[in-house]
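These are my comments on the model, set out as numbered points. Please read them with the structure open.

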Amino acid sequence: MDTKAIQHASQLIRQADALIIAAGAGMSVDSGLPDFRGSRGLWTTLLHEDMHERDLHAWTQGRCFEADPTQAWRFYGEALRVCEKAVPHAGHGLLLDWARRKPHGAFVYTSNVDGHFEAAGFAPERIVECHGSIRHFQCARPCSPHIWPAMPMSDAPLLPRCRRCGALARPNFLLFSDPAWVVARTNAQRLRMETWRAGPRNPVVIEIGAGLALPGVRMFAQSLRLPLIRVNDDAAEIHGAATVALHGRALDVLQDIDQELARVHAQ
Ligand SMILES: [Zn+2]
């Protein structure tokens, strides 16, 4: 690990009065969830024996619930079971520790739909899930912007139903070409973030595992025009507009920064 860069990152975090955590798929890899770079890696592992990789395109399109509800729910039921088993890793806890020492705490902006920041102890009103959440369901039609907590997959019927109109239900996360995605919850989260951002005078952005294949998180982090710490395990993707670039897996790098913070604190 690049000691100078770790020291620089630690210094930026110490000087900040708030953290803005921008997390992509690489943050969840250490929780045992496969990275879904380009939408392929994660989904490939979720295919049933009689489903083919060439069909993946169909199962990641918004219209899949309309086109073939049974197969779509076999696929996403498995995705939910995988996410239910995965738990946040120690890196989420380290970020929470750092945030608790800041006068304005932290705000999280993540494309991860697994709900791990909330599970790790971050307040739900301090999180934007820009692609929605696998822990919530919506009407597939949708008949209304109503969203409700997902039931455990062990208790779920094969085809979950909308609580309001009885049509098919689906997870409230964004697929490709997906006009039926109910964006209301994510929009409310974005509004809360904008309100919060008026407070901190000197925030630092920590961007973690945000790739170029689905660049939304990365574009968000850069658009803030604040000191930016980038953590990425892809050598080709580490470069760009970061103040400090740290090449490595999320958990490893966060632990290195935490050790440096503790070392300086002890002096
Ligand atoms: Zn409905």
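1. A definition comes first, as the strand comments depend on it: two strands pair if DSSP finds at least two bridges between them. The model is a predicted one. On that footing, histidine 136 lies opposite proline 149 of strand β5.

2. The strands around that position make up an open sheet of three, ordered β5-β4-β6, with antiparallel pairing. β5 and β6 are its edge strands, each of them pairing on one side only. On average, neighbouring strands in this sheet are turned by 45 degrees against each other, direction ignored.

3. How many bridges hold β4 to β6? Five bridges link β4 to strand β6 (residues 169-173), in the antiparallel sense. Between β4 and strand β5 (residues 147-149) there are three bridges, again with the strands running antiparallel. Phenylalanine 137 can be used to locate both contacts: in β6 it stands opposite proline 171, and in β5 its bridge partner is tryptophan 148.

4. Strand β4 (residues 132-139) has seven of its eight residues buried, so the rest of the structure largely encloses it. Buried here means under 20% relative accessible area. Cysteine 139 is buried, because its relative accessibility is 1%.

5. Cysteine 139 also leads to the metal site. Which residues coordinate the zinc ion? The ligands are Cys139, Cys143, Cys162 and Cys165, each through its SG atom, at 2.3 to 2.4 Å. Along the chain these donors follow the spacing C-x3-C-x18-C-x2-C.

6. The geometry of the zinc site is tetrahedral, with angles of 105 to 115 degrees among the four donor atoms. For reference, the ideal angle for four tetrahedral donors is 109.5 degrees. The exposure of two of the ligands should be stated separately: cysteine 139 is buried at 1% relative accessibility, whereas cysteine 143 is partly exposed at 37%.

7. A second open sheet has six strands in the order β3-β2-β1-β7-β8-β9, and its pairing is parallel. β3 (127-129) and β9 (244-247) are at the edges with a single partner strand each, so one side of each has no neighbour in the sheet. The average turn between neighbouring strands of this sheet is 15 degrees, direction ignored.

8. What packs on this sheet? Helix α1 (residues 3-15) does, touching β1 (18-23), β7 (203-208), β8 (228-232) and β9. The direction of helix α1 makes about 125 degrees with that of β9.

9. At the β3 edge, strand β2 (residues 106-110) is joined to β3 by three bridges, and the two strands run parallel. One position to check is threonine 110, whose bridge partner in β3 is glutamate 129.

10. The count of salt bridges comes to five. Among them is the pair of arginine 170 and aspartate 178, whose side chains meet at 2.8 Å, N to O. Are these two residues buried or exposed? Arginine 170 is buried, because its relative accessible area is 1%. Aspartate 178 is buried too, with a relative accessible area of 9%.

11. Another salt bridge is formed by the side chains of arginine 81 and glutamate 78, at 3.4 Å, N to O. Why are the two separated by about one helical turn? Because they are three residues apart in helix α6 (residues 69-85). Arginine 81 is partly exposed at a relative accessible area of 33%, and glutamate 78 is partly exposed at 24%.

12. The side chains of arginine 263 and glutamate 260 also meet in a salt bridge, at 3.0 Å, N to O. Both residues belong to helix α11 (residues 250-266), where they are three residues apart and therefore separated by about one helical turn. Here the exposure of the partners should be given one by one. Arginine 263 is partly exposed, with 41% relative accessibility, while glutamate 260 is buried at 9%.

Methods. Residues numbered from 1 in each chain as written. Predicted model: local features only at pLDDT ≥ 70, side-chain atom pairs only at ≥ 80, totals over all residues. Heavy atoms only, no water. Donors = N, O, S within 2.8 Å, 3.2 Å for Na, K, Ca; no water. Tetrahedral: all angles 85-135°; square planar, octahedral: opposite > 155°, others 65-115°. Buried < 20%, exposed > 50% of the residue type's maximum accessible area, 1.4 Å probe, protein only. Helix = DSSP H or I, 4+ residues; strand = E, 2+ residues; numbered from the N terminus. Axes fitted to C-alpha atoms, helices over the stretch in contact; angles between N-to-C directions. Contact = heavy atoms within 4.5 Å. Salt bridge = Lys/Arg side-chain N within 4 Å of Asp/Glu carboxyl O.
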